[in-house]
Amino acid sequence: MPSPDIGPDGAQSSFRSELDSKHYTAVDEHWAGGLPAQYGVAPRVRIGRSKWFNLLWLIPIGLLILVIGIAVARGIRELPAVQDFIRQYPGESELPDSAPVGLPAWLGWQHFLNLFLMIFIIRSGVTIIADHPRFYWTRHSTPGKDWFRMQKPVPSDPLYTAKQDSITLPDGVGLPGRRHSIGLARWWHLGVDTLWLLNGVVFYILIFATGQWMRLVPMSWDVFPNSISVAIQYLSLDWPVENGWVNYNSLQIIAYFVTVFIAAPAALITGLGMSPALSTRFRRVSSVFSIQLARSLHFLVLCWFVMFIIMHVTLVLTTGALRNLNHMYAARDDGSWVGFGIFAASMVVVIVGWVAATPFTYRHPRVVQKVGYALIGPAQRLFEHLDSKPGQYSEKDISPYFWHNGKYPETDEYKRLEAGNFADYKLRINGLVENPVDLSLEQLRALPNHEQITQHFCIQGWSGVAKWGGVSMQSILDVVQPKPEAKWVIFYSYAVGPDGGIYYDAQPIEQMSYKLTMLAYDMNDDTLSFGHGAPVRLRNEVQLGFKLVKWIKGIEFVEHFSEVGGGLGGYNNDHEFFGYRQSI
Ligand SMILES: Nc1nc2c(c(=O)[nH]1)N[C@H]1C(S)=C(S)[C@@H](COP(=O)(O)O)O[C@H]1N2
Ligand SMILES: [Mo]
């Protein structure tokens with residue numbers, strides 16, 4: 001391999017002294033560099049090329065449809081044909097003789113846990129959406145091609161960033177809610193997800209072990225006419241006679257079946273569909289099931305759950321509340337107030353949890369981060385070892401628009417270099433290496449050229465495919481020869497982060513020899529632009545975008561990242577409670 005003419009000054013000091021090493025332990029008014037709140041717009045959906053429909057209109061439209069529906073249902077119930085139909089299909093499918101009667105206590109507990117956990121999942125999920133309040137169908141996150149947004153159209157400023165696009169949610173709605181609090185929202189979301197999935201697995205096992213599944217799975221085609229019958233009966237406000245202790249009506253069964261056996265697994269699958277490591281590894285699947293399709297469907301699953309919860313609670317409370325609550329909360333079938341009492345006590349727990357979650361998160365963000373990492377960390381670590389092959393995308397997949405992100409470099413040092421077209425640029429590589437070097441751009445370009453067309457996954461939710469040209473990190477390793485004790489590699493930027501101190505990130509050395517880890521100096525066959533990280537940026541495709549440092553000035557090999565900066569493995573980890581393993 002061509003050995004560049006290596007300058008002797010590579011052994012120079014480290015850039016550590018330019019880092020901010022303060023310990024951030026609360027979310028306060030200085031959060032994210034004092035980022036001001038921004039509330040976006042009411043949610044809207046695109047109709048056709050560029051017309052936007054404000055979803056708030058659905059409220060009056062929905063009410064109108066409901067009123068019309070009631071009038072129509074009441075009218076047609078007078079018709080003999082409809083009366084015959086309802087007599088023939090009263091609303092319930094027959095259960096097998098072996099089906100259990102009644103609801104056991106464990107079901108009540110699982111039902112409560114499920115609803116309690118879902119509060120945090122939904123609220124933190126909405127906070128994650130707020131960090132990039134747009135949805136797309138393709139992997140390109142092209143402005144104007146979003147099908148849903150809670151933000152104004154993307155302004156024409158070519159350097160507009162995804163961070164500028166993020167919106168604030170009220171603290172009682174989002175978890176936590178503050179603008180760009182996605183790091184903490186993700187600990188809540190992914191951490192509680194593991195508990196929710198665990199609860200779900202126990203639920204699956206128990207319903208199949210006890211035969212309760214027979215009450216949730218439609219077992220004959222007559223559930224369809226029966227559910228139409230139920231819908232007519234509900235809408236005409238003359239409700240079916242039923243006994244949920246023994247059998248649910250057909251509309252209920254369909255709704256429960258979809259929720260338990262379709263929506264819940266879909267939540268998991270669409271969630272994993274957004275993982276950079278999995279998407280890069282499982283190429284065939286992710287070529288069809290792109291991150292944006294996964295993210296859009298994940299959102300539609302959320303919409304289903306929210307709609308289901310509203311309808312379910314409404315009907316439970318309007319169709320014999322005491323008896324229904326006894327079934328689920330007291331495992332008994334009578335009209336006493338016992339179930340209501342337990343339900344009311346559980347609601348106190350829910351309300352306390354709801355109200356306390358955001359203030360607790362602002363006061364103890366490191367606790368949220370630690371617990372979240374304890375829960376989801378094992379899965380994130382597992383996926384990190386996926387070294388993927390190049391070649392997933394070709395030129396025709398390159399995104400027409402690639403978002404910018406982060407805080408641009410404004411230092412005199414950088415401006416001077418940029419003005420001189422980076423002729424004086426030196427990439428300093430040192431630390432625990434046999435052969436520290438200072439490489440000019442010319443020397444970097446003399447190293448074996450590496451190209452890859454890959455997809456970028458920003459933690460905020462947008463993605464884009466680009467062709468990157470530069471040097472693979474393996475070539476750099478070959479030049480500098482890391483010592484055996486080097487376990488982590490720190491990338492230092494010219495750019496100062498929002499709270500001061502230069503931006504940096506720590507990468508595990510294992511990933512430096514992955515086929516898709518490289519230093520890029522070209523993008524889409526052009527010299528890397530200012531906005532995307534000129535003169536040199538990192539690509540490591542098993543990781544989320546925030547770990548891919550732009551405007552790199554130095555690389556240092558260290559034993560552990562705890563020696564560096566705030567000690568948590570990167571600027572966002574130190575300041576905004578992100579994690580250092582971000583394969584999901
Ligand atoms: N120095 C520096 N590098 C950075 C950032 C930053 O703020 N400063 N932002 C990161 C984030 S969050 C993302 S998503 C990508 C965005 O790269 P792009 O602007 O080329 O899309 O850069 C990453 N690298
Ligand atoms: Mo990002």
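**Exercise 1. Which residue places a backbone N or O atom 2.9 Å from a nitrogen atom of ligand 1?** Describe the surroundings of the ligand in this predicted model.

*Solution.*
Step 1. The residue is L548, whose backbone N or O atom lies 2.9 Å from a nitrogen atom of ligand 1.
Step 2. The protein covers 98% of the 530 Å² of accessible area that ligand 1 has on its own.
Step 3. Two oxygen contacts may be added. A polar side-chain atom of H532 lies 2.7 Å from an oxygen atom of ligand 1, and a backbone N or O atom of K407 lies 3.1 Å from an oxygen atom of the ligand.
Step 4. In total, 21 residues surround ligand 1, and the closest are W403, H532, R537, L548 and K550.

**Exercise 2. Identify the central members of the largest nonpolar core.**

*Solution.*
Step 1. This core has 73 residues, of which L444, F491, L519 and F557 touch the most other members.
Step 2. The element that gives the most to the core is strand 9 (residues 488-496), with 7 residues.
Step 3. Take L444 as an example. Leaving aside residues up to four places away in sequence, its contacts are Y425, L427, L439, V471, I476, Y521 and V536.
Step 4. Another core, of 47 residues, lies apart from this one and includes V45, F148, L169 and F305.

**Exercise 3. Compare the UniProt annotation with the secondary structure of the model at residues 112-130 and 187-209.**

*Solution.*
Step 1. The unreviewed UniProt entry places the feature "transmembrane region" at residues 52-73, 112-130, 187-209, 253-278, 299-317 and 337-357.
Step 2. Residues 112-130 are 100% helix and 0% strand, with end C-alpha atoms 28 Å apart.
Step 3. Residues 187-209 are also 100% helix and 0% strand, and here the end C-alpha atoms are 33 Å apart.

**Exercise 4. Locate the cis peptide bonds that precede P176 and P535.**

*Solution.*
Step 1. The bond from L175 to P176 is cis, with omega near 0 degrees. P176 belongs to the loop between helix 5 (162-165) and helix 6 (182-210).
Step 2. The bond joining A534 and P535 is cis, with omega about 5 degrees. P535 belongs to the loop between strand 12 (526-527) and strand 13 (537-540).

**Exercise 5. Is N421 buried or exposed?** Treat N524 likewise.

*Solution.*
Step 1. N421 has a positive phi, near 55 degrees, and lies in the loop between helix 15 (412-419) and strand 5 (427-431).
Step 2. Because its relative accessibility is 64%, N421 counts as exposed, the cut-off being over 50%.
Step 3. N524 has a positive phi of about 50 degrees and lies in the loop between strand 11 (517-523) and strand 12. With a relative accessible area of 30%, N524 is partly exposed.

Terms used:
Residues numbered from 1 in each chain as written. Chains lettered and ligands numbered in written order. Predicted model: local features only at pLDDT ≥ 70, side-chain atom pairs only at ≥ 80, totals over all residues. Heavy atoms only, no water. UniProt positions renumbered as here; feature names shortened; annotations may be inferred. Helix = DSSP H or I, 4+ residues; strand = E, 2+ residues; numbered from the N terminus. Core = buried A, V, L, I, M, F, W, Y, C linked by side-chain atoms within 4.5 Å. Buried < 20%, exposed > 50% of the residue type's maximum accessible area, 1.4 Å probe, protein only. Contact = heavy atoms within 4.5 Å. Near = heavy atom within 4 Å. Polar contact = N/O pair within 3.5 Å; in protein donor to acceptor, adjacent residues only side chain to side chain. Areas by Shrake-Rupley, 256 points an atom, 1.4 Å probe, with all protein chains shown as cover.
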